[in-house]
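Reader: Please take one part of this model and go through it closely, strand by strand where that applies. I would like the contacts and the burial treated together.

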Amino acid sequence: MHAIRRFAVRHSRFFEGLYLGFERVIVALDPLFRRIGYERLEAPFAFTERHVKGLLFDCKMCGQCVLSSTGMSCPMNCPKNLRNGPCSGVRPGDYCEVVPDMKCVWVEALNGAARMKYGVQKIAVVQPPVDQSLRGSSAWLRVAREKAPARRAERPDPGKLVIAQAFDQARKLEPASAPLAAEPQAAVYPQAAPGQARAFAAPAAEPAREAAAGLQRSVPFDPIAHPLPVPPAGHKSASTLEQTLRSGWFAVTAELNPPDSADPRDVLAAAEPLKHVVDAINATDASGANCHMSSMGICSILSRVGLSMVLQISCRDRNRIAIQGDVLGAAAMGVTNVLCLTGDGVGVGDQPGAKPVFDFDCMSLLRTLRTMRDERKFLSGRPITTPPRVFLGAAENPCIPPYELRAERLAKKVMAGADFIQTNYVYDVEMLERFMARVRDMGLDKEVFILVGVGPLPTPKRSRWLREHVPGIHIPDSLIERVERSAKPADEGKKICIELIQRIREVQGVAGVHVMAYRREHLVEEIIEESGILKERLAARPAGQEAEPDRAGPPPAN
């Protein structure tokens, strides 16, 4: 079956023409179908479709066939059921993250699309999540139902799915997700409301240190005592990360890995080293498919003490109903940033028997949250009285195959609604520069803020194991050998990370860095301090303003 499926991809141009011709025949037969009755035709059509498409494409009968938009490679064969792929875990040789001996379904889709007349345009369209109620039904009859009214010059049923416009056309029609125009000073640095001090409740703050470092601090937020934060003029959220990025400063975010504990003091202790050196903190969501305290819980605790949080959402663990509700709940607790992730497969974690959900992928999640924020409605169309004012992010990996199409995948995320991007670990700056050159050619650096992921290099043995066993990790041999030769490998790994930050800072189009060191938050603080990123903010300090030595101050007024 797999061999026949790959045959269809290799001959996608032929099957594209066959599909277009068959579609015209099916739509033309609509009067006959209506006379007989679509309901009466459903069973025989579904039976025929299941066997014909099952043989040719290994069809899973989702009822919403998008073969002509995915290079004749059925996306439902992806173990994560991605409708907008590939993910960031493609293994060397274009193999699947979850099933290592299988070629990535989405790499095959991209190859098939490149052979088709309209394939490149169609594969750039953001596909909506699967409607589970249509599983097992005939996609052929659904096409006839939806497209026949247009042929009869009638308006289509508003309850049916409207096919999205091709990427190049949609890019012209949609506003930029993250315009980089300078904001008024009052919008970038809003004053705290009366009664809302800008100091921490806990852990103890050092306001002078934070101001000197150029960090625009969130105020402690109590959802009972305080109103929801209001976005400054021209902003999508009240996020301090968004304010920093729009101010033109090089932003710094870091990752807090949740404890295996129900004690909030463990969370506060983990955040302590980060509070003075970052613009926002990511609370991971069961990273590596391992269970820890939830991202929602972490964000709730730290928002109450005045830290700007990034809620991570993995599509692996919850369906669309739960996720939409979670985002409303997070926004009600003062969370202003959301990072949309597809998530690792459950097989890489310590509970491989868990059921993977993947009701959304990252792009359909982005589009849903943008709809909730901008159009004030759920995916179902039901209105939302107070929308979640959140700054939307996504992840990208410039260092894994297919390398030449990573920028195009980024563009698809921007079209879906991404305002900022955080990349996976980048240890190869040359590879990043090639990726960013393509990003600039496409104009994406003007539409989205890109923060590059960095971290201290582990021991040589650990580095080689990560590179060989963890999808999405690329570490050049030269860096591993450098650590191996060092008398102090840990110090050398830290030094490499600092050098990477300094080099990445010079790459045109990069808006910041995202520093990660699993459960070593103190090391993150040291890396950021020693990299000199915050010192650059000192140069922007207005004359006569007090600042601590070697610390950066707030930017000058525009």
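**The barrel and its third strand**

Author: In this predicted model, β3, helix α14 (residues 320-332) and β4 form a β-α-β unit that is right-handed. The unit belongs to a closed barrel of 8 strands, in the order β1-β2-β3-β4-β5-β6-β7-β8, with parallel pairing. Direction ignored, neighbouring strands of this sheet are turned by 30° against each other on average.

Strand β3 covers residues 309-314, and 6 of its 6 residues are buried, so the strand is largely enclosed by the rest of the structure. In a regular strand, side chains alternate between the two faces of the sheet. On one side of β3 are Met 309, Leu 311 and Ile 313, and on the other are Val 310, Gln 312 and Ser 314; all are buried, and both faces of the strand are covered.

β3 has a partner in β2 (residues 280-283), to which 3 bridges join it in the parallel sense. Within this pairing, Asn 282 stands opposite Val 310 of β3. Between β2 and β3 the chain passes through helix α13 (residues 295-303), and this β-α-β crossover is right-handed. β3 is also joined to β4, by 5 bridges, and these two strands run parallel. Here Ser 314 of β3 stands opposite Leu 341 of β4.

β4 (residues 337-341) in turn runs parallel to β5 (residues 391-396), with 4 bridges joining them. One of the paired positions is Asn 337, whose bridge partner in β5 is Phe 391.

The other side of β2 leads to β1. These two strands run parallel and are joined by 4 bridges, and Thr 253 has Ala 280 of β2 as its bridge partner. β1, helix α12 (residues 264-271) and β2 make another β-α-β unit, and this unit is right-handed.

β1 itself spans residues 251-256. What is the burial of this strand? Of its 6 residues, 6 are buried, so β1 is largely enclosed by the rest of the structure. Ala 251, Thr 253 and Glu 255 point one way, Val 252, Ala 254 and Leu 256 point the other way, and all are buried. β1 also pairs with β8 (residues 510-515), in the parallel sense and over 4 bridges. In that pairing Val 252 stands opposite Val 513 of β8.

Next come the charged contacts, starting with residues that follow β3 in the numbering. Side chains of opposite charge can pair when their charged atoms come close. Arg 316 and Asp 317 form a salt bridge through their side chains, at 2.8 Å from N to O. Which of the two is buried and which is partly exposed? Arg 316 has 2% relative accessibility and therefore counts as buried, while Asp 317, with a relative accessible area of 33%, is partly exposed.

A second salt bridge involves helix α14 of the opening unit: Asp 359 pairs with Arg 320, and their closest N and O atoms are 2.7 Å apart. Asp 359 is in the loop between β4 and α15 (362-374) and Arg 320 is in helix α14, so the pair ties together parts that are 39 residues apart in sequence. Asp 359 and Arg 320 are both buried.

Further along the chain, Lys 377 forms a salt bridge with Glu 375, with 3.3 Å between the closest N and O atoms. Lys 377 is partly exposed at a relative accessible area of 31%, and Glu 375 is partly exposed at 47%. Lys 236, Arg 373, Asp 374 and Asp 419 are joined into one network by salt bridges that share partners. Over the whole structure, a search finds 32 salt bridges.

Two items from the earlier part of the chain complete the account. A nonpolar surface patch of about 300 Å² consists of Val 25, Leu 29, Leu 32 and Ile 36. Of these, Leu 32 lies in helix α3 (residues 30-36) and is partly exposed, with a relative accessible area of 42%. The other item is Asn 111, in helix α5 (residues 105-115). Asn 111 is partly exposed, with a relative accessible area of 39%. The C-alpha atom of Asn 111 is 9.2 Å from that of Ser 12, although the two residues are 99 residues apart along the chain.

How values were computed
Residues are numbered from 1 along each chain as its sequence is written. This is a predicted model: local features need pLDDT of at least 70, side-chain atom pairs count only at pLDDT 80 or more; totals for chains, interfaces and linings use all residues. Side-chain values use heavy atoms; hydrogens and water are left out. Patches are made of residues with over 30% relative accessible area and no salt bridge: like charges are joined within 9 Å, nonpolar side chains (Val, Leu, Ile, Met, Phe, Trp, Tyr) within 5 Å. Accessible areas come from the Shrake-Rupley method with a 1.4 Å probe; for residues, only the protein chains shown count as cover. A salt bridge is a side-chain nitrogen of Lys or Arg within 4 Å of a carboxyl oxygen of Asp or Glu. Buried means under 20% relative accessible area, exposed over 50%, partly exposed in between (1.4 Å probe, protein chains only). Two strands pair if DSSP finds at least two bridges between them. Axes are lines fitted to C-alpha atoms, for helices over the stretch in contact, and angles run from 0 to 180 degrees between N-to-C directions. A crossover is right-handed if, with the strands pointing away from the viewer, the path from the first strand over the helix to the second runs clockwise.
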